[in-house]
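Okay, thanks for having me, everyone. Let me put the chain up on the screen, and then we'll walk through it together.

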Amino acid sequence: MSSPATASEPLLFADCASRSFGGLKAVSDFSIRVNPGDLVGLIGPNGAGKTTAFNLMTGVYPCTSGRVMLAGKRIDGALPAHINHAGIARTFQNIRLFGGLSVLDNVTVAFHRPAMYALWRTIFRLPGFLHPQIQANLDGMELLRTLGLADKAQFIASNLPYGDQRRLEIARALATAPRILLLDEPAAGMNPQEKIELMNLIRFIRDHFGVGILLIEHDMKLVMNICERITVLDHGETIACGTPSEVQKDPKVIEAYLGS
């Protein structure tokens with residue numbers, strides 16, 4: 001039985017988490033700490049193991065060794081849905097929206113609502129079904145207003161501009177009421193103006209919702225401008241941790257990105 005978290009423990013703690021695929025060690029002894037209000041970056045060259053680390057923390061893969069803790073309880077090996085219910089939400093490198101649904105519907109499907117309605121109530125949309133759906137629509141519209149998408153609530157998600165699709169994916173993650181938000185390359189494919197808007201959005205989400213944010217990103221300007229701490233992976237191993245200025249000066253980081 002896991003002990004409850006103490007005040008000194010981080011909310012999210014990956015502790016020497018490793019993952020092997022056959023003879024390939026994709027991530028080796030990965031450790032990171034994230035608390036509410038933190039804004040932490042995870043960077044590294046292509047193939048460094050960043051997304052695998054995210055997958056260990058969100059239940060896509062179990063750890064080969066090590067552990068992942070959330071609020072003092074072990075979550076490695078739990079199902080992704082259970083980890084999401086516990087307080088971790090994520091986005092993906094490739095946007096995963098319900099492209100044929102409206103913007104509002106993409107958000108409302110993410111709200112946790114007990115499915116305690118008899119089948120006939122759902123089929124005929126009787127009050128026992130309608131009340132939580134109405135509440136979800138109200139909550140969904142409020143979230144869209146907060147993230148600047150309310151005027152597009154009835155748009156089909158696949159018809160949104162690319163930057164708004166990214167914003168919508170983040171909104172859907174926030175609808176699950178996370179304590180920790182993991183963003184996997186949120187600036188991928190964005191133009192310079194969209195990246196500026198994204199930086200402002202990430203800061204706003206951290207401050208407004210009080211969540212801890214851990215992001216993978218290849219745009220170094222974005223990472224260095226918004227992250228307070230950065231962990232650097234290379235070939236599955238952690239080669240540096242520290243503030244942006246410390247990481248930028250680290251010889252191992254320079255070699256990993258530029259070559260010796």
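Let's start with a term: a salt bridge is a side-chain nitrogen of Lys or Arg within 4 Å of a carboxyl oxygen of Asp or Glu. For charges, Lys and Arg count as positive and Asp and Glu as negative, while His and the chain ends are not counted. And when I say buried, I mean under 20% relative accessible area; exposed is over 50%, and partly exposed is in between, using a 1.4 Å probe and protein chains only.

Before going on, please remember that this is a predicted model, where local features need pLDDT of at least 70, side-chain atom pairs count only at pLDDT 80 or more, and totals for chains, interfaces and linings use all residues. Residues are numbered from 1 along each chain as its sequence is written, and side-chain values use heavy atoms, with hydrogens and water left out.

Now the overview. We have 260 residues, and 48% of them count as buried. The secondary structure comes to 10 helices and 10 strands; these are DSSP runs, numbered from the N terminus, with helices being H or I of at least four residues and strands E of at least two.

What about the inside? The largest nonpolar core has 46 residues, and Leu168, Leu181, Ile205 and Ile213 have the most contacts inside it. A second, separate core of 26 residues includes Val27, Leu42, Ala48 and Val68. By nonpolar core I mean a set of buried Ala, Val, Leu, Ile, Met, Phe, Trp, Tyr and Cys residues joined through side-chain atoms within 4.5 Å. In soluble globular proteins, nonpolar side chains tend to be buried together.

Next, the arginines. Which side chain of opposite charge is nearest to Arg19? That's Asp76, 10 Å away, and Arg19 is buried with no salt bridge. Arg19 sits in strand β1, residues 12-21. Leaving aside neighbours within four places in sequence, its contacts (heavy atoms within 4.5 Å) include Val27, Leu56 and Tyr61.

Arg167, in helix α6, residues 162-174, is also buried without a salt bridge, and there the nearest opposite charge is Asp164, 4.3 Å away. Beyond four places in sequence, Arg167 is in contact with Leu147, Leu149, Glu197 and Leu201.

Then there's Arg90 in strand β6, which counts as buried because its relative accessibility is 14%. Arg90 and Leu183 are 93 residues apart in sequence, yet 5.7 Å apart in space, C-alpha to C-alpha.

On to the charged pairs. By our rule, the count comes to 11 salt bridges. One of them joins Arg229 to Asp38, with the closest N and O atoms 3.5 Å apart. That pair links distant parts of the chain, 191 residues apart: Arg229 is in strand β9 (residues 229-234), and Asp38 is in the loop between β2 (24-34) and β3 (39-43). Asp38 is buried at 13% relative accessible area, whereas Arg229 is partly exposed at 34%.

Asp76 comes back here too: Arg74 forms a salt bridge with Asp76, closest N and O atoms 3.0 Å apart. Asp76 is buried at 18%, and Arg74 is partly exposed at 46%.

Finally, Glu142 pairs with Arg145, at 3.3 Å between the closest N and O atoms. They are 3 residues apart in helix α5 (residues 127-146), so about one helical turn separates them.

That's my tour; happy to take questions.
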